[in-house]
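Work through the exercises below with the model open. Try each task before reading its solution.

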Amino acid sequence: MARTPVAPPRPPCRLYLLTPPQIADLDVFADSLDAVLQAGDVAALQIRVKPASDDDIRAATRRLAPIAQARGVAVILNDRPDLARELGCDGVHVGQGDAPLAEARRIMGPDAMIGVTCHDSYHLAMEAAEAGADYVAFGAFFPTETKAVTHQAEPVLLTAWQEAMEIPCVAIGGVDAGNAGELARAGADFVAISGAVWAHPDGPVAGARAIRAVLEG
């Protein structure tokens with residue numbers, strides 16, 4: 001009797017780290033980032049500072065990107081493919097109101113990593129995948145103080161995407177150590193986290209370790 005092929009196990013969900021929207025002291029934050037990255041696995045760092053001038057974005061990226069890249073962490077700049085290319089980032093993340101994916105790809109080149117915000121829409125994610133996105137991001141899944149929540153995604157969306165598509169998906173929005181496991185089990189390849197690390201009561205390293213303990217468990 002022929003055996004039914006068994007799909008290989010899905011790689012474990014990983015941490016996709018976002019900077020806080022505002023960074024009061026870049027040097028102090030750089031030290032915290034380095035400590036977090038030394039403490040364990042982080043797949044990517046998205047530099048997301050806003051509102052900020054182009055020069056502020058340049059300053060943050062030039063200070064933080066080398067720290068991440070030295071540890072093998074992909075550096076993704078939010079919103080701005082022009083600055084991402086100028087500053088040597090590994091990729092860019094664009095929202096539905098930012099530069100179109102095709103324009104971002106033209107600017108960044110074929111080897112750059114480009115992610116697209118798809119809110120709670122499987123349809124938007126399919127369009128992004130067909131247009132050549134390297135990953136799609138769904139959310140928000142939970143309340144968050146980082147930005148206003150205008151789209152509420154459900155974990156079943158991650159499951160549906162995982163069952164049908166090979167392009168990775170990122171879960172974002174209010175993710176912390178208490179709910180990251182639920183999203184990982186539902187099908188998230190990455191969980192995007194900011195406040196649960198940087199605002200953790202025991203410090204950013206403890207915050208990152210708490211997330212990783214859940215994902216690795």
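The exercises go from the whole chain to single residues.

This is a predicted model, where local features need pLDDT of at least 70, side-chain atom pairs count only at pLDDT 80 or more, and totals for chains, interfaces and linings use all residues. Residues are numbered from 1 along each chain as its sequence is written, and side-chain values use heavy atoms, with hydrogens and water left out.

**Exercise 1. The whole chain**

Task: Find how the radius of gyration of the protein agrees with that of a compact globule.

Solution.
- Start with the count of elements: the protein has 9 helices and 8 strands. Both are DSSP runs numbered from the N terminus; helices are H or I with at least four residues, strands E with at least two.
- Take the radius of gyration over C-alpha atoms, and use the globule rule of 2.2 Å times the number of residues to the power 0.38.
- For 217 residues a compact globule would come out near 17 Å; the protein has 17 Å, so the two agree.
- Now add the extents: the C-alpha trace spans about 65 × 40 × 35 Å along the principal axes.

**Exercise 2. Burial, contacts and charge**

Task: State what percentage of the 217 residues is buried, then describe the surface and the charges.

Solution.
- Apply the cut-offs: buried is under 20% relative accessible area, exposed is over 50%, and partly exposed lies in between (1.4 Å probe, protein chains only).
- Buried residues make up 47% of the 217.
- Contact means heavy atoms within 4.5 Å. Of the contacts with a separation of 6 or more, 60% join residues 24 or more positions apart.
- The protein exposes about 10800 Å², and carbon and sulfur atoms supply 53% of it. This area comes from the Shrake-Rupley method with a 1.4 Å probe.
- There are 17 positive and 28 negative side chains, with the centres of the two sets 4 Å apart. Lys and Arg count as positive, Asp and Glu as negative; His and the chain ends are not counted. Each charge is placed at NZ of Lys, CZ of Arg, CG of Asp or CD of Glu.

**Exercise 3. Strand pairing**

Task: Which strands pair with S8 in the parallel sense?

Solution.
- Two strands pair if DSSP finds at least two bridges between them.
- Strand S1 (residues 14-18) runs parallel to S8 (residues 190-193), with 4 bridges. Leu17 has Ile193 as its bridge partner.
- Strand S7 (residues 169-172) also pairs with S8 in the parallel sense, over 3 bridges. Here Ala171 stands opposite Val191.

**Exercise 4. Strand S6**

Task: Sort the residues of S6 by the way they point.

Solution.
- General background: side chains in a regular strand alternate between the two faces of the sheet.
- In S6, Tyr135, Ala137 and Gly139 point one way, while Val136 and Phe138 point the other.
- Check the cover: 5 of the 5 residues in S6 (135-139) are buried.
- Find a partner: S5 (residues 113-117) pairs with S6 in the parallel sense over 3 bridges. Val116 stands opposite Val136.

**Exercise 5. Around Cys118 and Gly139**

Task: Is Cys118 buried or exposed, and what does Gly139 contact?

Solution.
- Cys118 sits in the loop between S5 and H5. Its relative accessibility is 0%, so Cys118 counts as buried.
- Beyond four places in sequence, Cys118 touches Gln96, Leu124, Ala125, Ala128, Val136, Ala137 and Phe138. The C-alpha atoms of Cys118 and Phe138 are 5.4 Å apart, with their positions 20 residues apart in sequence.
- Gly139 belongs to S6. At 10% relative accessibility, Gly139 is buried too.
- Leaving aside neighbours within four places, Gly139 contacts His119, Asp120, His151, Ala153 and Ile172.

**Exercise 6. Backbone exceptions**

Task: Where are cis peptide bonds found, and which residues other than glycine have a positive phi?

Solution.
- Recall the rule: most peptide bonds are trans, and most residues other than glycine have a negative phi.
- Lys50 and Pro51 are joined by a cis bond, omega about -10 degrees. Pro51 lies in the loop between S2 (44-47) and H2.
- The bond from Gly139 to Ala140 is cis, with omega near 10 degrees. Ala140 is in the loop between S6 and H6 (155-164).
- Asp79 has phi near 75 degrees, in the loop between S3 (74-78) and H3 (81-86).
- His119 has phi near 55 degrees, in the loop between S5 and H5 (122-130).
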